[in-house]
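I opened this notebook to record two topics: one sheet and one pocket. The entries follow the order in which I looked them up.

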Amino acid sequence: RGHSQICLFFICCSALIYYSEASHKYLPLPPLFAKNIKSFAKEPSGLTYCASTNRIYLNCDKSSCHYIYELDTEANPIQTLEFDEKHHDIEAIACNDKEGYLYIAEEGNRRVQAFLLDDYSSSHGQKVLKEAYNFHVVTGNSTSSRSGLEGMTVNTKTGDIYVANEKGPAMIVRCHENGEEYESNVINYARDISGLAYDDKLDLLWVLSDQNEQVFLTDLTGTIVYDSWDLPVTNPEGIAINNKVKPPMLYIATDPSAPSGPQYVPLILGFHKPENGTGYSYWDHQHLPKYVTDPPPCHGCHDVFEEAYENGFEKAYYWENHFPEAETRNLATILVSVLVPQFLFVPLFSLFLDLGCTAFFVRKRMKRVRRMPVAVEDPDLGSELTFMGEDSP
C-alpha cells in the first residue's frame, strides 16, 4: 500500500512538470476530435465550410497538389475536385454559398481564382472544377512570395471577400465580389495571419495565427479583438465555422511542413465554437473555465499527439495526457467488473497500479531517449518564437 502511494506521488509530480512545460497556453480549446489526414492530404493548408452542401473543403499547398478535397463534417474524405495545374502555391480556400463559388488563393502571385461550386466537367472519371473568374489582390508594399495570401473567407450576407496577407505586414483586405478592393487594415495583435473565417451568426471574423497558435474573434475589419483563445497544436493553417450544427463547430487544419527541425502531423480538429467572453478578454487565472479544468473527451487525440511527440514535438506529450480519450469500455474491463469478486478487488487494484507505474516510467524513459530538437525560430523573421500568454496577462 505504501509503495502504491509513493508511486501515485511521483505520477502527480510528473504531471505537474509537464503542465509547467505547456503552461504558456492558459486557455487551450479542447478538441472533440482529431484526425490524421496524411493518407489523402499530406500538406493541408486552407479550410472552409459550405452551408449549402454541408461539406468541408480543404486545399493543400504542395506543388503536385492540384485538388480540392471535399470532406464530411467529421473530416472523412468524400471526393477530390481537380483544377488546372497552372494554379500553384495554394494557401487559402473560401466558399461563397450566396453565389455558388469556391475560391482559392495563390500566395506568391496574390491571385484569387473562382470556381463554380456545383458545376463540374469530367476527365477520365475525375470531377474537374470549372473556372468562373479571377482577380489579383494588392497588399500594400508587401511583395514577398513567401508571405503573401494566406487566409480567405466570404461574408455570405454581402458577398464581400476578405483576404489576408500573412505578414510583413499582417493585413486583411476587403474586396467586393468582383475583386475590387475597398478596404485594407494592418493588424498588430498577432505575428501573422494564417486563416480567416466569417461567422454568419455573429457577423464577425475569426482570425487564425500560425505563429501565435491562437484564434481571435474580431470585428469585420479584423482590427478590433473581442476575445482570443489558445490552440493545442502547432502550425494551425486553416479555419472554418459550421453554424448548422448544435452546438456550432470550429474546425482547424494543421500544416505538417517545417523549414527545419521535425515535421508536425497533418490534422483536422473539431472544437465546439467558443463563446465570446470565455477567452482572454475576461481572463482570471484563479478561476479557469471548465473547458480547461475539465475538458470533454476527444476522439483520436491520444494517437495524434503521441505521433507529434514521437516526431520531436515535446509539448505534444502534455496534450496527449491532458485531453481524455473518448472510448467505450473494452471487454477486459467489463469482464473484470463482472467476474472478479469484491474481496479480491483491492489487492488486484494495488497490483495493477504497481504494474501501471512501472510501465509509465519505462515509457517515459524510452520517450526521452527518442526526443529530437524542436525548431523554435521563425526562419522568415530570424527571431525567437514566443507565444502570447507566456507571461500572465
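**Sheet and pocket entries**

I began with a single pair: tyrosine 251 has glycine 270, in strand 20, as its bridge partner. I note at the outset that the model is predicted.

I then looked up the strands around this pair. Strand 19 (residues 249–254) and strand 20 (residues 267–272) run antiparallel and are joined by 5 bridges.

Next I asked in what order the strands of the open sheet stand. I read the order as 1-20-19-18, with 4 strands and antiparallel pairing. Why is one side of strand 1 and of strand 18 left without a neighbour in the sheet? Strand 1 (33–36) and strand 18 (236–242) stand at the edges and each has a single partner strand, so one side of each remains without a neighbour there. From one strand to the next, I noted an average twist of 15°.

I also checked what packs on the sheet. Helix 3 (residues 301–310) does so, touching strand 1 and strand 20. The direction of helix 3 makes about 50° with that of strand 1.

I turned to the second largest pocket, for which I recorded a volume of about 290 Å³. Its lining comprises 21 residues, and Tyr49, Asp97, Thr156, Tyr198 and Ile241 lie nearest the centre. I sorted the lining residues into 13 nonpolar, 4 polar and 4 charged.

Which strands each supply at least two residues of this lining? I listed strand 2 (44–50), strand 6 (90–96), strand 10 (149–154), strand 14 (195–199) and strand 18. Strand 18 thus appears in both topics, as an edge of the sheet and as a contributor to the pocket lining.

Notes:
Residues are numbered from 1 along each chain as its sequence is written. This is a predicted model: local features need pLDDT of at least 70, side-chain atom pairs count only at pLDDT 80 or more; totals for chains, interfaces and linings use all residues. Side-chain values use heavy atoms; hydrogens and water are left out. Two strands pair if DSSP finds at least two bridges between them. Axes are lines fitted to C-alpha atoms, for helices over the stretch in contact, and angles run from 0 to 180 degrees between N-to-C directions. Contact means heavy atoms within 4.5 Å. On a 1 Å grid over the protein atoms alone, a cavity is a set of points where a 1.4 Å probe fits but cannot get out, and a pocket is an open set with protein on both sides within 12 Å along at least five of seven lines; lining residues have an atom within 4 Å of a point. Grid points are joined across faces, edges and corners, and a volume is the space filled by probe spheres set on the points. Ala, Val, Leu, Ile, Met, Phe, Trp, Tyr, Cys and Pro count as nonpolar, Asp, Glu, Lys and Arg as charged, and the others, Gly among them, as polar.
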